[in-house]
Every structure is written in structure tokens, then in C-alpha cells.
Amino acid sequence: MNEGLGDILIACSKKNAQKDKIAYLQEKQKKYPHILAFLKYMFKDSIQFDLPAGPVEDTNGKLLYTPAKKEMDLQNVLYSSLRRMKIFMRGEYPTMSKRKREEQFIELLESVDPDDAVFLIHMKDKKSPYKGVTKNLIMKAFPKETENW
């Protein structure tokens with residue numbers, strides 16, 4: 001079974017030493033090369049999302065999406081959705097309505113593993129929910145790839 005990005009980042013956050021986190025991320029990136037693209041979306045300041053900030057819920061605190069069941073094998077869905085991420089970025093698809101963009105984001109959240117959905121929500125807000133998984137850590141783990149961040 002494949003590991004989802006959320007699963008990988010949760011496991012990384014449980015490692016104590018920064019060098020262990022770096023080694024773990026480098027190892028996982030070899031198997032799942034798209035990890036770095038998603039981390040870039042989360043941490044590169046010049047990439048901004050054209051979605052409302054904060055949790056994806058209504059004014060009463062009720063989720064606007066139905067999370068998939070954790071038991072389902074949905075870990076590959078996020079990786080295969082990489083190309084769709086541009087839909088949610090500021091400046092891309094300028095003719096798309098705000099409502100349509102938000103509906104597509106909710107559809108994506110409903111189609112991915114629940115841990116990946118948590119990642120996506122935090123990614124759009126540029127805030128890592130994973131202890132010790134920071135922009136600095138990613139830049140140390142992948143200095144060549146993050147040179148222009």
C-alpha cells in the first residue's frame with residue numbers, strides 16, 4: 001500500500017531529531033517525487049491560493065466536505081491531483097468563478113485520504129500542522145531544489 005503525503009508528514013513530525021526528519025523526507029521523496037511539489041506549494045511565499053483562509057466549514061463550524069473513510073486506499077489520489085493544484089492558485093484560471101473554484105476544492109478534499117485533506121487545508125493557508133516540519137527543515141532537506149524559495 002502506498003503512503004499518502006499526510007501519513008508521511010505525520011510520521012516525520014514524530015521523529016525527534018532534525019537530522020532524522022531530513023533523512024526520512026529525503027528517503028520518502030525518492031519513492032514519491034511529488035512530495036516536494038506539494039511542500040513547495042505550502043512553503044514557497046510567492047505561491048498564493050485563491051481560496052478563503054481558514055478551515056473549510058460554515059459559520060456554525062460544520063465541515064463543508066465529507067471526509068473519506070481512512071480505511072479506503074486513497075493515498076494515490078493526492079499525488080495524481082498535482083496538475084489540478086493550479087486551479088486553486090491566485091492568478092491562474094482568472095475566468096473561473098470563486099464559487100466554482102471553492103466547489104472544486106471541496107470535491108478534491110472529499111476524494112483524498114483524510115490526512116491528505118488536512119494537509120491541503122493547511123497548504124492553502126501556508127501553515128504546517130506538523131510539528132517540526134517547517135520551511136527551514138524542507139530547505140535543509142532539499143537545498144538544491146529549494147534554492148529559489
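A residue is called buried when its relative accessible area is under 20%, exposed when that area is over 50%, and partly exposed in between. Please keep that in mind as we go through this structure, which is a predicted model.

Let me start with Asn-136, which lies in helix H7. Asn-136 has a relative accessible area of 43%, and because that value falls between the two cut-offs, the residue counts as partly exposed. If we compare its position with that of Pro-33, which is 103 residues apart from it along the chain, the C-alpha atoms of the two are separated by 19 Å.

Now to the interior. The largest nonpolar core has 45 residues, and the members that touch the most others are Phe-38, Tyr-41, Met-85, Phe-119, Leu-120, Met-123 and Ile-138. Two or more residues of this core come from each of the helices H1, H2, H3, H4, H5, H6 and H7, with H3 giving the largest share, 7 residues. What does Met-85 touch, once we set aside residues up to four places away in sequence? Its partners are Phe-38, Tyr-41, Phe-49, Leu-108, Leu-120 and Met-123.

Finally, I would like to look at Lys-44, which sits in the loop between H3 and H4. Lys-44 is buried and yet has no salt bridge, and the nearest side chain of opposite charge, that of Asp-45, is 9.9 Å away. Which residues, then, is Lys-44 in contact with, leaving aside its neighbours within four places in sequence? They are Leu-39, Lys-126, Asn-148 and Trp-149.

How values were computed: Residues are numbered from 1 along each chain as its sequence is written. This is a predicted model: local features need pLDDT of at least 70, side-chain atom pairs count only at pLDDT 80 or more; totals for chains, interfaces and linings use all residues. Side-chain values use heavy atoms; hydrogens and water are left out. A nonpolar core is a set of buried Ala, Val, Leu, Ile, Met, Phe, Trp, Tyr and Cys residues joined through side-chain atoms within 4.5 Å. Buried means under 20% relative accessible area, exposed over 50%, partly exposed in between (1.4 Å probe, protein chains only). Helices (H or I, at least four residues) and strands (E, at least two) are DSSP runs, numbered from the N terminus. Contact means heavy atoms within 4.5 Å. Lys and Arg count as positive and Asp and Glu as negative; His and the chain ends are not counted. A salt bridge is a side-chain nitrogen of Lys or Arg within 4 Å of a carboxyl oxygen of Asp or Glu.
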